[in-house]
Amino acid sequence: MSEAVIVGGGIGGLATAVALSRRGWEVEVLERAPRIEAVGAGLSLWPNALRALDAIGVGAEVRSRAREEGSAGIRDERGRLLSRTDIAAIRDRYGLPIMLHRADLLEILRAAVPDSAVRTGISVTGVDADGAVTHSEGESDGDLIVGADGIHSVVRRAVCGDITPVYAGYTAWRMVVAPSEPIRDLGESWGRGERFGLAALPDGRVYCFATANLPAGTESGGLAELRRRFGDWHAPIPALLAAADPETVLKHDIYELPPLPTYVRGTVALLGDAAHAMTPNLGQGACQALEDAVILARVADEGGDLTRYDRERRPRSRMIAARSRRIGTVAQLSSRPVVALRNAAMRLVPPSVQVRALATVLDWTP
């Protein structure tokens, strides 16, 4: 029986464990945290990711814990429409994305992995390209070593040396709010160097996220900072901020990886944020990790020539990361006259053009 050691018990690592175990592999997942739990809030999964989940046998269960996401488009800070989303056309051509809590997806993936396969509280200290992983409890060996350990990956050093993540220029806040009344006005709102987004979760709560241009490491506040920045934006943003719990607000500077020269070396392969950490502007970070998991499991099980995985995954994930970066650059513009031009241009783009532009991202199939 073939064996795989997977470093990292997040979405990409667990999905890879599911995909390989269902192909008859013995898997060992090494997770640094003392237990596997969600750090985050809402999660959007686009149709390409749902096809990946279907391929590993958990798509139906994930859909049962989620709701279809019907964004109303993009507005300015006063609520004036900049870009309308043609929901019907997206549904007909690609299928709609779904929204669920990140914890629910992790729970489903974890339940699909044999209990004995997951070892928590394990800190990996080094990886050998020939298949040896050293860690705080000794050493693990496998026919395949998977680096699913995030943007600050230890495994990545064994593949392509030290790579420094790059700051995108803005900070993000995330939270889940229980509104006093149902929220129907979903989507994003763009200001000058600031954004605020809303998405409904299946249980009636609302996932909110916000961004602002700030120097890396700025000690800005949590909920108080959000209320200062966005408290006078259009409804329902002020009401959501008023109802938010300050203890639940997460704040992170946004970093991404520069393009890597390869995702593989010997028996070691990188996936997810360890390979292509990207800005969140396309909602494709977790989606690309799920695609990675499906393709890596297939390639490993069909002879193990990992260069096939690299050839298939690296160009696509790099394209999507670059596209997400460009969207973020436009969305975070802060000069008043430039923002006015941006907003005017967005109003001129027909919804049909937006639908067609999604093809290269959403038409992926396993």
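1. A quick definition before we start: a residue is called buried under 20% relative accessible area and exposed over 50%, with partly exposed in between. Proline 258 comes out at 28% relative accessibility, so it counts as partly exposed. Bear in mind throughout that this is a predicted model.

2. Staying with proline 258: you'll find it in the loop that runs between strand 17 (250-256) and strand 18 (264-265). Once its neighbours within four places in sequence are set aside, its contacts are Ile163, Thr164 and Val166. Alanine 275 sits 17 residues away in sequence, and the C-alpha to C-alpha distance from proline 258 is 9.5 Å.

3. Serine 44 is on the other side of that cut-off. Its relative accessibility is 16%, so serine 44 counts as buried. The residue belongs to strand 3 (residues 42-45). Not counting neighbours within four places in sequence, serine 44 touches Glu69, Pro97, Ile98, Met99, Gly283 and Cys287.

4. Now helix 10 (residues 285-301). Its 17 residues should span 24 Å at 1.5 Å a residue, and the end C-alpha atoms are 25 Å apart, which agrees. Helix 10 is mostly covered, with 14 of its 17 residues buried. Glycine 303 follows helix 10 and has a positive phi, near 120 degrees.

5. Helix 12 (residues 336-348) also has a length that fits: 13 residues reach 19 Å from first C-alpha to last, close to the 18 Å expected at 1.5 Å a residue. Which of its residues are buried? They include Val339, Arg342, Asn343 and Met346. These four cover an arc of only 95 degrees around the axis, which puts them on the same side of helix 12. As a reminder, an α-helix has 3.6 residues a turn, so residues three or four places apart point the same way. Pro337, Leu341 and Leu348, on the other side of helix 12, are exposed.

6. What do the buried residues of helix 12 pack against? Their partners are strand 5 (74-76), strand 6 (81-83), strand 14 (187-190) and helix 11 (306-331).

7. Helix 12 turns up again at the second largest pocket, where it gives the most to the lining, with 5 residues. The volume of this pocket is about 160 Å³. The lining is made up of Asp76, Glu77, Arg78, Arg80, Arg192, Arg336, Val339, Ala340, Asn343 and Arg347. Sorted by class, that gives 7 charged, 2 nonpolar and 1 polar. Two names should look familiar from point 5: Val339 and Asn343 are buried in helix 12 and also line this pocket.

Conventions. Residues numbered from 1 in each chain as written. Predicted model: local features only at pLDDT ≥ 70, side-chain atom pairs only at ≥ 80, totals over all residues. Heavy atoms only, no water. Buried < 20%, exposed > 50% of the residue type's maximum accessible area, 1.4 Å probe, protein only. Contact = heavy atoms within 4.5 Å. Expected span 1.5 Å × (residues − 1). Arc of directions from axis to C-beta. 1 Å grid on protein atoms, 1.4 Å probe; cavity = no way out; pocket = protein on both sides within 12 Å on 5 of 7 lines; lining within 4 Å. Points joined across faces, edges and corners; volume = space filled by probe spheres on them. Nonpolar A, V, L, I, M, F, W, Y, C, P; charged D, E, K, R; others polar.
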